[in-house]
Amino acid sequence: MSGHQGRCACQVAIPAKPQQTSKRGGWQCDETRPSCKACLRHGIECSLSNQSDIASPTASSTAAGTPSPGPGPSSLPPDLRKIRVRALNPKPTLLQPPTPGPPGECGPDPVPSPSGSARTPSTDSPVATTPDPFPYLTKLVTGPAEEDTANWVFDLELLHHFTTSTYETFMIDSARLEINRLWKMEVPRQAFSHIFLLHQILAVASYHLAHLHPQNRQAYSLRASQHQNAGIRRMRLALPEISPANCHALFASSSLLFIGSLAAASTNRVTGGPTVDDIVDVLILVKGIGSVLYSSQDLLRSGPLSELFVQHGGTELPNPALDRVVLAVGDFLVEIAETEADDRVRAIIHADAYRLVSVIRDSLSKSASAEYRVVAAWPIQTSDDLIPLLRQRNQAALALLSYYCVVFHAAQLQGYWFMQGWAEGVIQDIARTMTGPWQRHSAWALGWITGHAAMG
């Protein structure tokens, strides 16, 4: 080029510095069309671009993909002549970061975008884009982004904890390895086909973690409650349609619900411990589900969880707690026959007290974990009329419940974490409401449980 008219704007507006005339960083015009590199680097409109537009406006519009620019710099005020431009880079480099220009230059180099065009970040733009450093992963992403990963990661933690730790706490008997295998492998396998069981698994695991980590009790207890509620809602839909296909999962789910209902109060000590009403709720739960599953007991005893029903014989060692409860309830049966004036109440309490003694003797002869078996089995065998008497705080009914609390406490001492605090809380609630001759029964149970009174 020759003459002032053919000179580029960078040569007029920016004096060339002899020491900066290298191919990369110099200010000398390279006359590249439609915009020379120096003008692009300094963010000014290149006069070569205007000359090209004047010469061939159609070609300019077609090449750029946009309408041709407006008036040239000569028609703009001096303070608006320097503007930022968007450049096209026909050969973007995605594997290397953009090379910075020499110190003192104004404006960054264009940054290649994943689409193949170069973008010049501007301090005026709200978001500065950068190249995708992992373009080979982009095509593998389908669908919308996952917004909530916290819950399912949390649930994976719970499932892992159940299959590595929690399942071992259900049966304190080292000789029953097959039962541990069922809780570790077979029950989770059933849960993948029956979501109500999966919810109960996660609920119990979360309660167990709340027990192990009191500093995080609130978070674990909240998640446990959410899963327990979801499991109950789904169980309500499945119980009326119990069948050979779902009875095994329903039995496992009801067993876990029994554990979870105890654990819910055991891990929440803010309210001061379980009460009579709390244990009545548990009795209703166990009795209700037990009556539904009773119709499928033949299928359960011959199905994949059949080992849970097998009794391998008890121990010949004495059991101080259960043996003493049998003797105390025997005396209670004699007393209620002589002192209870209401014939109906006397018949109800006598029948359920006798059932308690029968369950204890049967458990001692058939199970090494007799205490746990009594806690779970007696509610199923109690009469429907006992529940209203307990709700009404009938003195004879509360006296009988006191002996059940002693069994509960004995099971807790075996190491069942989900039973902790139940016996103490309920017996103290009973003792606060007992009066008259029945008070000595609750006093005996309270003394046994707390260890503050002599037993005899």
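**Aromatic pairs and helix packing**

Phe332, Tyr403, Trp438, Trp444 and Trp448 form one aromatic cluster in this predicted model. Three members of this cluster, Phe332, Trp444 and Trp448, also take part in the contact between helix 13 and helix 19. These helices, comprising residues 320-339 and 439-450 respectively, pack at an angle of about 175°, and their axes are 12 Å apart. Because angles over 145 degrees count as roughly antiparallel, helix 13 and helix 19 are assigned to that class. On the side of helix 13, the contact is formed by Pro320, Ala321, Arg324, Ala328, Phe332 and Glu335, and helix 19 contributes Arg440, His441, Trp444 and Trp448. By character, the contact residues comprise 6 nonpolar, 1 polar and 3 charged.

Across the whole structure, 15 aromatic pairs were found. One of them, Phe170 with Trp183, is edge-to-face, with a centre-to-centre distance of 5.0 Å and an angle of 75° between the planes. Phe170 lies in the loop between helix 6 and helix 7, whereas Trp183 belongs to helix 7, the two being 13 residues apart. Phe170 is buried at 3% relative accessibility, and Trp183 is likewise buried, at 6%. The pair of Trp417 and Phe418 is also edge-to-face, because the ring planes stand at 85°, with the centres 5.4 Å apart. Both residues are buried, with relative accessible areas of 4% for Trp417 and 0% for Phe418.

Helix 11 spans residues 276-293, and its end C-alpha atoms are 26 Å apart, in agreement with the 26 Å expected for 18 residues at 1.5 Å a residue. Buried positions in helix 11 include Val276, Ile279, Val280, Leu283, Val286, Lys287, Gly290 and Leu293.

Notes
Residues are numbered from 1 along each chain as its sequence is written. This is a predicted model: local features need pLDDT of at least 70, side-chain atom pairs count only at pLDDT 80 or more; totals for chains, interfaces and linings use all residues. Side-chain values use heavy atoms; hydrogens and water are left out. Helices (H or I, at least four residues) and strands (E, at least two) are DSSP runs, numbered from the N terminus. The expected span of a helix is 1.5 Å times one less than its number of residues. Buried means under 20% relative accessible area, exposed over 50%, partly exposed in between (1.4 Å probe, protein chains only). Axes are lines fitted to C-alpha atoms, for helices over the stretch in contact, and angles run from 0 to 180 degrees between N-to-C directions. Angles under 35 degrees count as roughly parallel, over 145 as roughly antiparallel, 65 to 115 as roughly perpendicular and the rest as oblique. Contact means heavy atoms within 4.5 Å. Ala, Val, Leu, Ile, Met, Phe, Trp, Tyr, Cys and Pro count as nonpolar, Asp, Glu, Lys and Arg as charged, and the others, Gly among them, as polar. Rings of Phe, Tyr and Trp (its six-membered ring) pair if their centres lie within 6.5 Å; planes under 30 degrees apart count as stacked, over 60 as edge-to-face and the rest as tilted.
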